[in-house]
Amino acid sequence: MNPYILMLLFFSLTLGTTITATSSHWLLAWMGLELNTLAIIPLMTQQHHPRAIEATTKYFLTQATAAATILFAGITNAWLTGQWDIQLMTHPVPTTMMVLGLALKIGLAPLHTWLPEVLQGLNLTTGMIMSTWQKLAPFALLLQIPAANQEMLILLGLTSTLVGGWGGLNQTQMRKVLAYSSIAHLGWMLIIIQFAPSLTLLALTTYLIMTTSTFLTLNFNTATTMNSLATTWAKAPLLATLTPLLLLSLGGLPPMTGFMPKWLILQELTKQDLPLTATFAALTALLSLYFYLRMSYAIALTIAPNNLAALTPWRFPSSSLSFILALTMVPALLLLPLTPAAITFLNI
């Protein structure tokens, strides 16, 4: 793709997210979401592959439905209450419609079925943008909507953690595994969003760092299936040592970074007198941990049957992606000792 067009599309992505995150009017927020959607569609179709075209069509139809629901909810709220302010949405009917529209936009269960199929049709770089950057604008709106129906948000969150863990158990395609991982992580964020929004921001930040590092690792190894992970050791031994730790961090095991948000979320749920919710969320995390362990096993304890005598990636000229991978890998593994500082900074 022409670098000027690419720069324009990334600028539009950034502008759309910024407009949505900083707006207090529903029409402006909706315009930012639409700009975001229209900017990523050319990035999805740049390969001109039938699967990419199919994934783009599915994504466009889903996002159009979600955008229509969000606009209809905003208009309904203006009709019932006479105002367009995001933080003054008080009527339960448009609030429920708005939450469901945003849930469809980011792929929360049970409105998640489009996300694994769309990610499977994209390359790893565009899939990384879909799994990270495209979550920012809808979450900025979810954080601003007042708590009108906590039971629905908790139910959506628990359903997402369950579906995200259960759906990834039988997958062999890495992009589908990461799609279900995204659904499970977003469920954890939604469970706590009305009780401690700062915890949601912390969980979203750690998720973005860990997911970016995972996608860059797979892109570096050109690994798209579970079996192709077995060749990692022959191609990049150091990366094969760090990648299982990164996957276990995604699973939420100490002493890696991923343990921090889950630990704090479970602690906050027990403070809010929701022990059953905390127990169910912790049990669904075990489902996600299983397929992370499968991937770690494929990398660390499996040897590929036919290692070809080809040049390994560490012999190639260094690229900018290697620097970004190093920048994201370190915080994705080593931020757990900073938990007291995070608690103090976020006033948890």
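A few words on residue classes will help us here: Ala, Val, Leu, Ile, Met, Phe, Trp, Tyr, Cys and Pro count as nonpolar, Asp, Glu, Lys and Arg as charged, and the others, Gly among them, as polar. With that in hand, let us look at the empty spaces inside this predicted model.

The structure holds six cavities of 30 Å³ or more. Let us begin with the largest cavity, whose volume is about 90 Å³. Its lining is made up of Leu33, Asn36, Thr37, Tyr59, Gln63, Lys105, Trp114, Met130, Gln134, Lys135, Ala137 and Pro138. Two or more of these lining residues come from each of α2 (26–44), α3 (50–81) and α7 (136–144). Of the elements involved, α2 supplies the largest share, three residues. Sorted by class, the lining of the largest cavity has six nonpolar, four polar and two charged residues.

Now move along the chain to the second largest cavity, with a volume of about 80 Å³. Around this space you will find His185, Trp188, Met189, Ala203, Thr206, Tyr207, Met210, Gly258, Pro261, Lys262 and Ile265. Here the elements giving two or more residues to the lining are α9 (174–192), α10 (197–221) and α13 (259–271). The most comes from α10, which gives four residues to the lining of the second largest cavity. As for its classes, this lining has seven nonpolar residues, three polar ones and one charged residue.

Technical notes:
Residues are numbered from 1 along each chain as its sequence is written. This is a predicted model: local features need pLDDT of at least 70, side-chain atom pairs count only at pLDDT 80 or more; totals for chains, interfaces and linings use all residues. Side-chain values use heavy atoms; hydrogens and water are left out. On a 1 Å grid over the protein atoms alone, a cavity is a set of points where a 1.4 Å probe fits but cannot get out, and a pocket is an open set with protein on both sides within 12 Å along at least five of seven lines; lining residues have an atom within 4 Å of a point. Grid points are joined across faces, edges and corners, and a volume is the space filled by probe spheres set on the points.
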